Every structure is written in structure tokens, then in C-alpha cells.
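This report walks through the packing, ring pairs and salt bridges of one protein chain. Please keep the sequence and the structure in view while reading.

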Amino acid sequence: MTRSDSEPTEKTEQAWWVYLLRCSDDSLYCGITNRLENRLRQHNGEIKGGARYTQARRPCELVYKETAASRQEALQREYAIKQLSRPLKEELVRQSDQSTIR
């Protein structure tokens with residue numbers, strides 16, 4: 001699994017993303033998508049769609065993302081992240097913040 005800060009373009013959008021959102025109530029939501037920008041807009045109510053969980057907790061901010069080579073890999077990584085404790089999820093977020101600063 002490779003974490004990346006660059007997103008694929010519309011035409012070459014083959015990569016799957018695993019992401020964490022911080023909701024307005026400070027909860028963390030984990031999901032997967034192959035159209036990250038579109039999915040974020042859905043979660044925030046800008047376009048139709050989005051998870052029921054995030055509908056009542058808007059606005060949501062993207063705090064972590066990583067790429068996966070396939071949908072199956074993304075689903076497996078999403079499951080693994082969801083099994084982590086809150087402190088370990090927060091550590092993922094902190095690590096991604098530090099890597100973008102460098």
C-alpha cells in the first residue's frame with residue numbers, strides 16, 4: 001500500500017483511495033473510493049450521495065488518504081483501519097501531517 005498526496009486525473013483514475021474524515025463532532029469516518037474529490041463533495045452535501053453517518057456530522061474534513069492498487073486491497077485496508085483504536089487512527093493522521101510538512 002502506498003500513501004500518496006497526488007491524486008489521479010479524471011481520465012486515468014484507476015487508483016482506489018482509503019481515507020479518513022474528521023467530522024464536525026470530532027469523530028473519524030473511514031471509507032474507500034476511486035473518485036476522492038467527488039466522494040468528499042458527497043460527504044459534505046454538495047452533491048447527492050455520501051454516507052448516512054456523515055450526513056448528520058457535516059462538515060467533514062479529509063485528514064488522511066492513501067492509495068490502494070485495487071478495490072479489494074482498499075477494502076482490506078479500510079477494514080484494518082476500522083479495527084484500530086482511536087489513538088492509533090489519530091497517529092495515522094499525525095504521521096500524514098508530518099510527511100506533508102517535509
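A residue is called buried under 20% relative accessible area, exposed over 50%, and partly exposed in between, with a 1.4 Å probe and protein chains only. By that scale Arg57 is partly exposed, because its relative accessible area is 24%.

The model is predicted: local features need pLDDT of at least 70, side-chain atom pairs count only at pLDDT 80 or more, and totals for chains, interfaces and linings use all residues. Residues are numbered from 1 along each chain as its sequence is written, and side-chain values use heavy atoms, with hydrogens and water left out.

**Helix 1**

Helices (H or I, at least four residues) and strands (E, at least two) are DSSP runs, numbered from the N terminus. Helix 1 spans residues 36-43, and its buried residues are Leu36, Arg39, Leu40, Gln42 and His43. Seen down the helix axis, these fall within an arc of 155°, so they line one face of helix 1. The arc is taken from the directions that run from the helix axis to the C-beta atoms.

What do the buried residues of helix 1 pack against? Their partners are strand 1 (16-22), strand 2 (28-33), helix 2 (52-55) and strand 3 (61-68). Contact here means heavy atoms within 4.5 Å. After helix 1 comes Gly45, with a positive phi near 80°.

**Nonpolar cores**

A nonpolar core is a set of buried Ala, Val, Leu, Ile, Met, Phe, Trp, Tyr and Cys residues joined through side-chain atoms within 4.5 Å. The largest one has 13 residues. Val18, Leu20, Tyr64, Ala74 and Ile81 have the most contacts inside it. At least two residues of this core come from each of strand 1, strand 2, strand 3, helix 3 (71-83) and helix 4 (86-101). A second, separate core has nine residues, including Trp17, Leu21, Leu36 and Leu40.

Leu20 has a long contact list once residues up to four places away in sequence are set aside. Among its partners are Leu28, Tyr29, Cys30, Leu62, Tyr64, Ile81 and Val93. Glu61 and Lys89 also touch Leu20.

**Aromatic pairs**

Rings of Phe, Tyr and Trp (its six-membered ring) pair if their centres lie within 6.5 Å; planes under 30 degrees apart count as stacked, over 60 as edge-to-face, and the rest as tilted. The whole structure holds two such pairs. Tyr19 and Tyr29 make a tilted pair, 6.4 Å centre to centre with 45° between the planes. Tyr19 is in strand 1 and Tyr29 in strand 2, 10 residues apart. Both Tyr19 and Tyr29 are buried.

Tyr29 and Tyr53 make a stacked pair, 6.0 Å centre to centre with 20° between the planes. Tyr29 lies in strand 2 and Tyr53 in helix 2, so this pair ties together parts 24 residues apart in sequence. Tyr29 has a relative accessible area of 17%. Tyr53, at 32%, counts as partly exposed. Ring pairs thus link Tyr19, Tyr29 and Tyr53 into a cluster.

Arg57 lies over the face of Tyr53, 3.7 Å from the ring centre. A charge sits over a ring if NZ of Lys or CZ of Arg is within 6 Å of the ring centre and within 35 degrees of the ring normal.

**Salt bridges**

A salt bridge is a side-chain nitrogen of Lys or Arg within 4 Å of a carboxyl oxygen of Asp or Glu. The structure holds nine. Three of them are listed here.

| Salt bridge | Closest N to O |
|---|---|
| Arg22 and Glu90 | 2.9 Å |
| Arg57 and Asp25 | 3.0 Å |
| Glu90 and Arg86 | 2.8 Å |

Arg22 in strand 1 and Glu90 in helix 4 are 68 residues apart. Arg22 counts as buried at 18% relative accessibility. Glu90 is buried too, at 16%.

Where do Arg57 and Asp25 lie? Arg57 is in the loop between helix 2 and strand 3, and Asp25 in the loop between strand 1 and strand 2, so the pair ties together parts 32 residues apart in sequence. Asp25 is partly exposed, at 42%.

Glu90 and Arg86 both lie in helix 4, four residues apart, about one turn of the helix. Arg86 is partly exposed, at 36% relative accessibility. Salt bridges with shared partners join Arg22, Asp26, Arg86 and Glu90 into one network.
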